[in-house]
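User: I keep meeting labels such as "buried" and "salt bridge" and would like to know how they are decided. Could we go through some together?

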Amino acid sequence: DASLRVEMRSQIARLHRELTARNIIALPHVWLSEEFFTPDKTLGFAVPFYLAHPRLMHLERSQMLECEGASEAECRRILRHEAGHTLDEAYGLHARPRYRQLFGNPGKPYPSSYSPRVDSRAHVVNLSGWYAQSHPVEDFAETFAVWLNTYVDWRTKYKTWPALAKLEYVDEIVREIADCVP
């Protein structure tokens, strides 16, 4: 999308390279909107409009006291997370029994708030606030994001965590769908 700033286009290209390196042919389309989100049954996701220009990022920070996705590292973590949602939706992964066994019921209502268990090892840590603990589909997206991150040796980092079973499942399921069109 021409409206995205060069840095954001570079981040999206990097995400596509990471996915391609894992033989994933379903590369998500990305567009501007009010916030990060992935619509149902869509091979793509939205990023907040303020990431399109440094002045908008400055305005967002001055008005909201934060600018989600502004740093390069945070943006990469969020893009990987949103790619996880996209593949979950595009391939209907949440309908699989093993997905539900490991991550929980994706139809469960989102809580208005949650109290993370900071000592829990049942969930990976990608985004701040132990976001994987907030809902089953967020748990999957966070697990996918950690799995996709080439800078994390997840087999070693999560070796003694119960979350390792989720990472191994993501590894298995993505290998199954990688070369398939949604």
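Analyst: Happily! Let us begin with a charged pair: E176 forms a salt bridge with R96, and their closest N and O atoms are 3.0 Å apart. E176 lies in helix α7 (residues 164–177) and R96 in the loop between α3 and α4, so the pair ties together parts that are 80 residues apart in sequence. A word on the source: this is a predicted model, where local features need pLDDT of at least 70 and side-chain atom pairs count only at pLDDT 80 or more, while totals for chains, interfaces and linings use all residues. Residues are numbered from 1 along each chain as its sequence is written, and side-chain values use heavy atoms, leaving out hydrogens and water.

User: Why is the contact between E176 and R96 called a salt bridge?

Analyst: The term asks for a side-chain nitrogen of Lys or Arg within 4 Å of a carboxyl oxygen of Asp or Glu. The closest N and O atoms of E176 and R96 are 3.0 Å apart, so the pair fits the rule. Side chains of opposite charge can pair when their charged atoms come close.

User: How many salt bridges does the rule give?

Analyst: The count comes to seven salt bridges. One of them joins D171 and R155, at 3.2 Å from N to O. D171 lies in helix α7 and R155 in helix α6 (residues 154–157), so this pair ties together parts that are 16 residues apart in sequence.

User: What makes D171 buried or exposed?

Analyst: Buried means under 20% relative accessible area, exposed means over 50%, and partly exposed is in between (1.4 Å probe, protein chains only). D171 has 10% relative accessibility, so D171 counts as buried. Its partner R155 has 45%, so R155 counts as partly exposed.

User: What about E18 and R14, which also form a salt bridge?

Analyst: Their closest N and O atoms are 3.6 Å apart. Both residues lie in helix α1 (residues 6–21), four residues apart, about one turn of the helix. E18 has a relative accessible area of 10%, so E18 is buried.

User: How many disulfides are there?

Analyst: A disulfide is a pair of cysteine sulfur atoms within 2.5 Å, and by this rule the count comes to zero. As for two of the cysteines, C75 has 2% relative accessibility, so C75 counts as buried, whereas C180 has 37% and therefore counts as partly exposed.

User: What makes the phi of K41 worth a look?

Analyst: Most residues other than glycine have a negative phi. K41 is not a glycine, yet its phi is positive, near 50 degrees. K41 lies in the loop between β1 (29–33) and β2 (44–48); helices (H or I, at least four residues) and strands (E, at least two) are DSSP runs, numbered from the N terminus. With a relative accessible area of 77%, K41 is exposed.

User: Where does the side chain of E89 meet K41?

Analyst: A polar atom of the E89 side chain lies 2.8 Å from the backbone nitrogen of K41. E89 itself sits in helix α3 (residues 72–91).

User: Which other residue has a positive phi without being a glycine?

Analyst: W130 does, at about 50 degrees. W130 is found in the loop between α4 (97–103) and α5 (136–148), and a relative accessible area of 32% makes W130 partly exposed.

Notes: Polar contact = N/O pair within 3.5 Å; in protein donor to acceptor, adjacent residues only side chain to side chain.
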